[in-house]
Amino acid sequence: MQSERTHYTNQITPEMGSEHVTIAGWVHEIRDLGGIIFALIRDREGIAQATLFKKTTPAELIGAVKSLSRESVVTVTGEVKLEKKAPGGYEIIPEKINLLSKAASPLPMDTTGKVDADLETRLDSRFIDLRRPKVQAIFRIRHHVLQSVRSFLANEGFIEVTTPKVVATATEGGTALFPITYFEREAFLNQSPQLFKQMLMSAGFDRVFEIGPIFRAEEHDTRKHLNEVTSIDIEASFTDHNQAMQILERLVTHVYTEISTQAKNTLKELKTTPKIPEPPFERLKYTEAIEIATTRGEELVWGEDLTTAAETIIAEVINETTNTDHYFIIDWPTETKPFYAMPQETKPEISKAFDLMHRNIELSSGAQRIHNTEQLTERIKEQGLEPEDFKSYLQPFKYGMPPHAGWGLGLERLLMTLLNIENIRNTVLFPRDRKRLSP
Ligand code: ATP
Ligand code: MG
């Protein structure tokens, strides 16, 4: 590069005195006030002001700055000066400005935040939308969340694994799969790493986690559904559903605490203060949940999944009575849950499955799993599925499978609730939904 960057904009401090620096970034805005020109330069870490005085700055440099189009990429070299009114408390008196890449105009979208575009327009021009500090802040937090999930689980003895996303059969026998062509055969994009995680329990890995994509071919068009999701999945041997819930509530609390203490400035940018939960979270029985919904006018039949309206009522009541956002719904009817969820010994119509909720958003589903081949085969049949289709899945259960439990936690749902973001699409760089396949 012609001029090497010496500092990010946030590394320059007023106390540095009259040091010479080079910053590199995008032309955020040029403000020509007559006798003085302000060139605002934006990099990943913030905005710096380059100040040119018409009387003292060489005419050539003035001309170069005036001709800069917004969002062009430049380096600016100059002397640092204390200036209380400038962003960061300093300004740069430029001696040299290098244009590295000229941006065409008009821009597809405003980057200064002065004009608010709707979500679809923003996603169409995502490359430029992502230049906005407020938008980038979400992905800073996403990075922090992933880091803190990884360190928490590794500390708890979980081994990170990655499993295939191209698979031959459905995890849950559902129809919600994207078929793909795999040479001369049909294959699918995996909807969950469930079956692989369980195989690893038979293999003696004891505790595994995976952070990876899952695909759901559901025709939802809601604020909380995507067709490609990043799932945080764990599976643990010699562990029951209660222990799995404890790991989950401690993980969520850990993430909230880490973000709140280590990403303060980024949270400020997003104007939000996460409410750190306190374990143990409330545990609401499915039966209690439908009672609450029914007394508030949402009729529900035992054995059915909760409706969105019911979830909203339940969330309100939980929030009114306990002042918390996070709670578990436990003791789900066996028929509402996947075949691999373990039924309770004394009441087999109730399963050892749970959902973790944040208000009316489901964050995670989990369960203790069946580890007995005969029982598993029975449950596959009861759900109207063909045991034959699950032959390779069932195989490991015959040769020594420890009792185990686990859950899947949607990263985007975790982020949207953590940051109080209305629409899940905001938490993904390039979301995939019913209508969107590019960029
Ligand atoms: P929902 O009922 O909310 O559609 P689900 O019960 O079908 O979710 P699970 O199969 O239990 O989802 O998946 C585990 C977790 O993965 C969910 O709790 C959620 O956090 C996340 N998840 C699943 N499907 C989606 C989706 N389509 N969009 C966003 N997140 C999802
Ligand atoms: Mg679920």
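Hi everyone, let's begin with helix H5, residues 194-202, where Gln-194, Leu-195, Lys-197, Gln-198, Leu-200 and Met-201 are buried. Before I go on, please keep in mind that this is a predicted model. So what covers the buried residues of H5? The cover includes strand S10 (207-215), strand S11, helix H11 (391-394) and strand S16. After H5 comes Gly-204, with a positive phi near 85 degrees.

Now let's move along to another helix, H12, which spans residues 411-418. How many of its residues are buried? The count is 8 of the 8, so H12 is largely enclosed by the rest of the structure. If you want to find them on screen, they are Leu-411, Glu-412, Arg-413, Leu-414, Leu-415, Met-416, Thr-417 and Leu-418. Notice that Glu-412 and Arg-413 are on that buried list.

Which elements do the covering here? Among them are two helices, H4 (133-155) and H6 (241-262). Strands contribute too, including S11 (228-237), S14 (353-358), S15 (361-368) and S16 (404-410). You may remember S11 and S16 from a moment ago, since both also help cover the buried residues of H5.

Let's step past the end of H12. There we meet Asn-420, in the segment after the helix. Its phi is near 60 degrees, a positive value in a residue other than glycine. Is Asn-420 buried or exposed? Asn-420 has 66% relative accessibility, and because the cut-off for exposed is over 50%, Asn-420 counts as exposed.

Phe-238 makes a nice companion to that one. Phe-238 sits in the loop between S11 and H6. Phi of Phe-238 is positive as well, near 50 degrees, and again the residue is not glycine. Phe-238 is exposed, with a relative accessible area of 59%.

While we are on backbone details, here are the cis peptide bonds I wanted to show. One joins Ser-105 and Pro-106, with omega about 0 degrees. Where is Pro-106 found? Look in the loop between strand S5 (90-101) and helix H2 (119-124). Another cis bond runs from Ser-438 to Pro-439, with omega near 0 degrees. Pro-439 takes us back to the segment after H12.

Next, a helix pair. The axes of helix H8 (residues 286-295) and helix H9 (residues 308-322) come within 9 Å and cross at roughly 100 degrees. That angle makes H8 roughly perpendicular to H9. What kinds of residues make up the contact of H8 with H9? By class there are 7 nonpolar residues, no polar ones and no charged ones. From H8 we have Ala-289, Ile-292 and Ala-293, and they meet Ala-310, Ile-313, Ile-314 and Val-317 in H9.

On to a sheet. This one is open, has 3 strands in the order S7-S9-S8, and its pairing is antiparallel. Which strands stand at the edges? They are S7 (166-167) and S8 (179-182), each with a single partner strand, so one side of each is left without a neighbour in the sheet.

We can take the pairs in turn. S7 is joined to strand S9, residues 185-189, by 2 bridges, and Val-166 stands opposite Leu-189 in S9. S8 and S9 pair over 4 bridges, also in the antiparallel sense. Within S9, Phe-188 is the bridge partner of Pro-179. The hairpin of S8 and S9 has 2 residues between the strands, and in that hairpin Phe-183 takes a positive phi near 50 degrees.

For the metal fans, here is the magnesium ion, ligand 2. What are its protein donors? They are Glu-362 through OE and Ser-365 through OG, lying 2.2 to 2.3 Å from the ion. Glu-362 is partly exposed, at 26% relative accessible area. Ser-365 is partly exposed too, at 28%.

Last stop, the early part of the chain. Thr-13 is in the segment before strand S1 (20-32). At 29% relative accessibility, Thr-13 counts as partly exposed. How many residues separate Thr-13 from Glu-91 in sequence? The separation is 78 residues, while C-alpha to C-alpha they are 9.8 Å apart in space.

Thanks for listening, and I'm happy to go back to any of these spots on the screen.

Note on methods:
Residues are numbered from 1 along each chain as its sequence is written. Chains are lettered from A and ligands numbered from 1 in the order in which they are written. This is a predicted model: local features need pLDDT of at least 70, side-chain atom pairs count only at pLDDT 80 or more; totals for chains, interfaces and linings use all residues. Side-chain values use heavy atoms; hydrogens and water are left out. Donors are N, O and S atoms within 2.8 Å of the metal (3.2 Å for Na, K and Ca); water is not among the atoms, so sites may look incomplete. Buried means under 20% relative accessible area, exposed over 50%, partly exposed in between (1.4 Å probe, protein chains only). Contact means heavy atoms within 4.5 Å. Axes are lines fitted to C-alpha atoms, for helices over the stretch in contact, and angles run from 0 to 180 degrees between N-to-C directions. Angles under 35 degrees count as roughly parallel, over 145 as roughly antiparallel, 65 to 115 as roughly perpendicular and the rest as oblique. Ala, Val, Leu, Ile, Met, Phe, Trp, Tyr, Cys and Pro count as nonpolar, Asp, Glu, Lys and Arg as charged, and the others, Gly among them, as polar. Two strands pair if DSSP finds at least two bridges between them.
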